[in-house]
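Got the viewer open? Then follow along, one selection at a time.

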Amino acid sequence: MSNIPVKTAAAPAAPAARGLGSTAVLALGTFAVGTDAYVVAGFLPAMADSLRVSEGAAGQSATAFAVAYAVLAPVLATATTRIPRRALLVGALVLLAAANLGSALAPSFPVLMATRVLAAFGAAAFTPSAGAVAASLVAPAQRGRALAVVIGGLTVATALGVPLGNLAGRLLDWRAALGLVAALCALCAAGVFAVMPVLPGGPRVPLRARLNALRLPGVVAVLPLTVLGLAASYGLYAYAVPILHALGAEGGAEMWLLFLYGAGAVAGNLAAGAAVDRYGPVRVLAAGYTALAVTLAATAWAAGAHVHRLPLAGLLMVAWGAGTWFQTPAQQVRLISAAPRETPVVVGLNASALYLGIALGTGLGGLLLPVGVPAALAACAGLAVLSLAYLGLTRRYR
């Protein structure tokens with residue numbers, strides 16, 4: 001009888017510890033996915049030169065990834081529902097590793113584009129499932145922490161992915177950098193297979209049912225702002241290195257300035273989350289879009305006037321990062337408020353809208369970059385002003 005309390009007390013600890021350990025591995029996986037999405041910007045000029053295309057054309061590889069992710073995320077969420085979760089996550093990471101290896105070995109630009117679309121398949125299958133699995137592996141009281149850890153992998157990738165890609169491209173070359181990303185994805189796949197418990201798939205949910213949330217007026221009104229805002233803020237990030245050159249940054253300064261962008265992104269995301277709770281999402285978005293428009297306009301002026309001051313460039317990169325990633329918490333709160341019973345669906349739709357905005361912005365940036373860096377930045381500043389105006393028209397949906 002005296003042994004019974006010992007067993008009863010010890011039983012919950014092991015699953016909880018195992019769940020948190022699995023969550024950490026999933027966070028490493030989302031870091032790999034995020035690095036894969038952002039790393040290309042760090043060595044874009046070298047990749048363009050190697051494949052004998054313009055920097056604007058090379059940046060369209062980011063557009064291809066983003067478009068494919070936006071389209072595939074809801075489709076794959078439906079098609080893979082019944083697949084056991086560990087098999088799905090491992091398979092997605094293996095596919096991502098193979099796609100990055102293909103990108104590293106790509107002999108031509110068309111082959112590179114094809115492998116970036118293949119990488120989007122893996123990313124779109126992994127990221128949404130990783131969050132859902134993390135929440136299911138821990139006790140209800142730990143779900144917020146588990147989700148924060150998993151999403152934290154993407155946040156850290158935002159901060160470190162591009163500067164690490166820039167550093168790897170300098171020490172090695174862009175092909176070796178993508179090879180390292182492939183190795184990281186393979187390592188994550190092995191970790192998930194070793195640590196993750198066997199979890200069954202779920203019941204099939206038709207794609208039509210997942211998209212029913214688009215019939216709600218609040219969702220239809222709020223989602224376009226995610227597309228427009230990300231097009232304004234992220235549209236030129238794939239071309240960050242050419243922009244830094246226009247600001248007078250060369251050599252090792254590039255890496256540190258890219259790191260400052262990432263630091264601003266992390267700080268902006270955290271600050272926005274706290275501010276939304278205190279002031280509401282509409283006020284936070286209004287302040288953010290105003291700051292973003294001013295930042296992009298100031299960067300356009302500095303590039304056009306040939307103002308080469310590294311402290312100014314650093315300040316602008318921090319503000320740009322914060323202005324890009326402040327949007328997501330506020331937009332998610334608005335969508336959840338508009339459709340509280342469809343929270344997982346609307347968050348997934350917001351992720352698709354986010355990548356669609358990145359795709360449109362990157363595509364626009366690639367078209368405008370040959371005209372000149374100042375013109376491209378001014379156009380994105382105009383999109384930020386348009387975002388502010390659209391927010392004013394839809395402010396009642398909060």
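Select Gly191 to begin; you'll find this residue in helix 8 (residues 174-195). Bear in mind as you click around that the model is predicted. Now add Ala24 to the selection: 167 residues separate Gly191 and Ala24 in sequence, yet their C-alpha atoms are 9.9 Å apart in space. Show what Gly191 touches, leaving out residues up to four places away in sequence, and you get Val25 and Met196.

Zoom out for a moment. Colour by secondary structure and you'll have 17 helices and zero strands on screen. The protein has 398 residues, and 52% of them are buried. If you draw the contacts between residues at least 6 apart in sequence, 87% of those contacts join residues at least 24 apart.

**Into the core**

Which residues have the most contacts inside the largest nonpolar core? Select Leu26, Met47 and Trp320, which hold that place in a core of 114 residues. Next, highlight helix 6 (residues 109-137): twelve residues of this core come from there, the largest share. A second core, separate from that one, has eleven residues, and Val222, Leu223, Val346 and Ala353 are among them. As background, nonpolar side chains tend to be buried together in soluble globular proteins.

Stay with Trp320 and show its surroundings. Not counting residues up to four places away in sequence, Trp320 touches Ser233, Leu236, Tyr237, Ile243, Tyr261, Leu292, Thr295 and Leu296.

**The aromatic rings**

Now display the aromatic side chains. Trp320 belongs to one aromatic cluster with Tyr234, Tyr237, Tyr261 and Trp325. Pick out Tyr237 from that group: this residue sits in the loop between helix 10 (217-234) and helix 11 (240-246). Is Tyr237 buried or exposed? Its relative accessible area is 1%, so Tyr237 counts as buried. Measure across to Tyr261 and you should get 9.7 Å from C-alpha to C-alpha, with the two positions 24 residues apart in sequence.

How many aromatic pairs does the structure hold? There are ten. Start with Tyr234 and Tyr237, an edge-to-face pair with 5.3 Å from centre to centre and 65° between the planes. Tyr234 and Tyr237 are both buried.

For another pair, jump to Tyr289 and Phe326. Their ring centres are 5.4 Å apart and the planes stand at 75°, so this pair is edge-to-face too. Here the pair links distant parts of the chain: Tyr289 belongs to helix 13, while Phe326 is in the loop between helix 14 (310-325) and helix 15 (327-338), 37 residues apart. Colour the two by accessibility. Tyr289 is buried, at 0% relative accessible area, and Phe326, at 6%, counts as buried as well.

**Along helix 13**

Keep helix 13 in view and select Thr299, which lies in this helix. With a relative accessible area of 5%, Thr299 is buried. Show its contacts, again skipping residues up to four places away in sequence, and Ile243, Leu247, Leu316 and Leu377 light up.

Next, bring helix 12 (residues 253-279) in beside helix 13 (residues 281-304). The two axes come within 7 Å and cross at roughly 130°. Helix 12 and helix 13 are therefore oblique to each other. To see where they touch, select Ala272, Ala275, Val276 and Tyr279 on helix 12, then Pro281, Arg283 and Val284 on helix 13. Sorted by class, the contact of helix 12 with helix 13 has six nonpolar residues, no polar ones and one charged.

**Last stop: helix 14 and helix 15**

Finish with helix 14 and helix 15. How do they run relative to each other? Their axes come within 5 Å and cross at roughly 15°. That angle is under the 35 degrees cut-off, so helix 14 and helix 15 are roughly parallel to each other. Select Gly323, Thr324 and Trp325 in helix 14 together with Gln327, Thr328 and Pro329 in helix 15, and you have the residues that make the contact. By class, this contact of helix 14 with helix 15 comes to two nonpolar, four polar and no charged residues. Trp325 may ring a bell: it was in the aromatic cluster with Tyr234, Tyr237, Tyr261 and Trp320.

Note on methods:
Residues numbered from 1 in each chain as written. Predicted model: local features only at pLDDT ≥ 70, side-chain atom pairs only at ≥ 80, totals over all residues. Heavy atoms only, no water. Axes fitted to C-alpha atoms, helices over the stretch in contact; angles between N-to-C directions. Helix = DSSP H or I, 4+ residues; strand = E, 2+ residues; numbered from the N terminus. Parallel < 35°, antiparallel > 145°, perpendicular 65-115°, else oblique. Contact = heavy atoms within 4.5 Å. Nonpolar A, V, L, I, M, F, W, Y, C, P; charged D, E, K, R; others polar. Core = buried A, V, L, I, M, F, W, Y, C linked by side-chain atoms within 4.5 Å. Buried < 20%, exposed > 50% of the residue type's maximum accessible area, 1.4 Å probe, protein only. Phe/Tyr/Trp six-rings, centres within 6.5 Å; stacked < 30°, edge-to-face > 60°.
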